[in-house]
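Open the model in your viewer and keep the selection tool at hand. We will go stop by stop.

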Protein chains: 2
Amino acid sequence: MATLVPELNPPSRLLLGPGPSMVSPRVLRAMSVPLLGHLDPAFLGIMNDVQQQLREVFRTKNPFTIAISGTGSAGMEAALVNLVEPGDTALVCVNGVFSTRMADIVERCGGKLVKLETPWGQVTDLARIEEALKKNAPVKVVAVVHAETSTGAQQPIEGLGKLCHQHGALLVVDTVTSLGGVPVEVDGWEADAVYSGTQKCLSCPPGLAPLTLSPRALEAVKGRKSKCRSWYLDAGMIADYWAEGKRAYHHTAPISMVYALRESLRIVLEEGLEARFERHRRHSAALMAGVATLGCAPQAQAGHRLASLNCIQVPAGVEEAPIRKAVLLENGIEIGGGLGPLAGKVWRIGLMGESSRQENVLAVLAALEQQLKKAGRPVRLGAAGAAALEAYAG
Amino acid sequence: MATLVPELNPPSRLLLGPGPSMVSPRVLRAMSVPLLGHLDPAFLGIMNDVQQQLREVFRTKNPFTIAISGTGSAGMEAALVNLVEPGDTALVCVNGVFSTRMADIVERCGGKLVKLETPWGQVTDLARIEEALKKNAPVKVVAVVHAETSTGAQQPIEGLGKLCHQHGALLVVDTVTSLGGVPVEVDGWEADAVYSGTQKCLSCPPGLAPLTLSPRALEAVKGRKSKCRSWYLDAGMIADYWAEGKRAYHHTAPISMVYALRESLRIVLEEGLEARFERHRRHSAALMAGVATLGCAPQAQAGHRLASLNCIQVPAGVEEAPIRKAVLLENGIEIGGGLGPLAGKVWRIGLMGESSRQENVLAVLAALEQQLKKAGRPVRLGAAGAAALEAYAG
């Protein structure tokens, strides 16, 4: 018999990476509440609360607005596996890791994949999408990432839903890194399937994927010619589980995670969405003013930068991994590195939900200064923080 | 704007249904520990701990022994979607809700389904499986449920792995309601894919699905002709995420749930598996002695009854739902009703993990007596508890 593992005692970290973000003590406490059964009438009431809260945060009236029992990627798979049937054409706007993942999933669904590629950090022009819709007609699904966590780019969605519908297509939008931190307008966009994760701007631990489907998307689900390839993510069955008055047993919901999500959404709605978006903008602007003094340029296209996830280029001549490691192990702050073609080239600093605060902006700027100076860069200590404070002063 | 939802304040329940079971305060406390990032070296150490613990509980040396980021049904889907390719023959032993679900998933994977049906509550004879293996050769996968949560039947698995391998098939076993409460012997059985849930005999909240794959199963995964239909559950990619030294980013693990699972497995291994199995047997025997005085016969075949999940027939002439509702709302105890063809006919009383205790046996027997008496049944109050105490006295 192997040795028993010791008591859980993880080090304390300030989470400023691409997620998870910091979690409020209120949410941690909600998770430690003793469990109800997943079919208990009291738990069904809690599910109703979460649906109501998610509709507010997504800004939608969609009855099908739920939390998928998996992390954000399960939300992505749920959206696509329900809407893309074998032989359906799906147009994916590819400009980062998560849109690349969407393309991969489309192929696994048996869909006919059309990739509309744009350099990483750029956004996709609506005129190009329109052109591709015409060229590849009929297109069943158009899929875009609103907030590309791998590049820090924010895709404009305004008008895209209408455009898709004019061409008979459904619009799928990934809002994993925007929901609750950057404006998401499901009904305003006329989007048909929009999913997110809990561990970003909602500041809840990872484990659930908010998902909303428009009536038009549900029609497509009901009209499928073949069964959904996933039993676990079958939207028809999940709809019957979440629908008030039905609650047909499908699978056991992750009860403690639902408690956590409910509490994190209470916090989001207490602050108010507009105040929250403004807070995310303010701290991102201060951070970007600070990192500019360190010679770090933004990776994302001007005018299309996410406030929640700040992707910045590592200064020329700096080896990124040792700096990031020192920031983690010496300063106790997690920031992210680059993925795919951006590996070694960028840092990704998340200021999401609870993490989006002035003291965190100053802490990470100080840590970067210290570690860059140790690595021999000509850094003037305190300059980055000063620039951030100037930005706050406006 | 809708009204804010009130503070989380669920009623207190004793969970003696088919899951979730009661969760130890130690596990609830572990969930409230502030989060690490999912790629933090300290979190990777925690993943190693969980893998080591799961190998002990599954009784296996399989390197691929992990927790899938979803509930037990995600574990089922993960096992099947990775092993069943379009056109592969899969033999499913169907005798309850969960084996019926396996059959459904096989079809969604594009597999050629062979159903070996047995009445609900009975187990499948190995000779019949052998016959079916010969008749339908070549069979790629044989799938059985070790612990049928819908009927309380325990399928004998001894010898089945060898039999499958003699016919070139892989053995998939569902241990959702047995792992940690009833002997599970992954290597002893020569099983190839075995999954479970966390919210049953492990007494952890729902949200993860322990899964172990034999080297033979991994060979089949690597030798697939087509990509796995699920990106989220793709065992090849998940293996690279969990493999020490690789930790290739796949998706964000549900960190707080991993903390909870680690703590619940510490508790399981502190008690010791054999002591735990004996405890489950003892309390189940006492419960069954008690319910016999109420006129409730066991649903499962004699000699094949689960200690963790006691499925008993509702006495003739009793309407089951109002009794179960009163036990929940007046006595604060959750028990389960029947599913599918057993709806209205059985109660399912879980004595799993933390729930398997003498005081809980006495509590549920007392509650059933009270509610049956109120419903006009000729019940002698205290008789069921007395019978249980006699059983404990041996």
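Start with the sheet of chain B in this predicted model. Select its seven strands: they form an open sheet in the order β2-β10-β9-β8-β5-β3-β4, with mixed pairing. Now look at the edges, where β2 (65-68) and β4 (112-117) of chain B stand. Each has a single partner strand, so one side of each is left without a neighbour in the sheet. On average, neighbouring strands of this sheet are turned by 20° against each other, direction ignored.

Next, zoom in on one strand pair. Select β3 (residues 89-94) and β5 (residues 141-145) of chain B, which run parallel and are joined by three bridges. Which residue of β5(B) is the bridge partner of B:Val92? Pick B:Ala143.

Add helix α4 (residues 97-108) of chain B. Helix α4 of chain B packs on the sheet and touches β3, β4, β5 and β8 (170-174) of chain B. Its direction makes about 165° with that of β3(B).

Then show helix α8 (residues 215-222) of chain B. Helix α8 of chain B lies across β8, β9 (193-195) and β10 (209-213) of chain B. It runs at about 110° to β8(B).

Move on to helix α11 (residues 273-292) of chain B, which has 20 residues. From first C-alpha to last, α11 of chain B reaches 29 Å, close to the 28 Å expected at 1.5 Å a residue. Colour its buried residues, among them B:Arg276, B:His280, B:His283, B:Leu287 and B:Val291. An α-helix has 3.6 residues a turn, so residues three or four places apart point the same way. What do the buried residues of α11(B) pack against? Select α10 (255-271), β11 (309-313), β14 (346-350), α13 (358-374) and α14 (383-393) of chain B.

Switch to chain A and colour by domain. The domain assignment gives domain 1 (25-269) and domain 2 (273-393). Their C-alpha centres lie 29 Å apart. Each domain of chain A gives 23 residues to the contact between them. On the domain 1 side, select 10 nonpolar, 12 polar and one charged residues.

Last stop: show both chains. Here 65 residues of chain A are in contact with 66 residues of chain B. On the chain A side, α1 (25-31), α2 (41-58), α3 (72-83), α4 (97-108) and α10 (255-271) each give two or more residues. The largest share, nine residues, comes from α10(A). By class, this side of chain A divides into 31 nonpolar, 18 polar and 16 charged residues.

Conventions:
Residues numbered from 1 in each chain as written. Chains lettered and ligands numbered in written order. Predicted model: local features only at pLDDT ≥ 70, side-chain atom pairs only at ≥ 80, totals over all residues. Contact = placed C-beta atoms within 7 Å. Helix = DSSP H or I, 4+ residues; strand = E, 2+ residues; numbered from the N terminus. Nonpolar A, V, L, I, M, F, W, Y, C, P; charged D, E, K, R; others polar. Domains from an automatic or database assignment. Pairing = 2+ DSSP bridges. Axes fitted to C-alpha atoms, helices over the stretch in contact; angles between N-to-C directions. Expected span 1.5 Å × (residues − 1). Buried ≥ 20, exposed ≤ 12 C-beta atoms within 10 Å, placed from the backbone.
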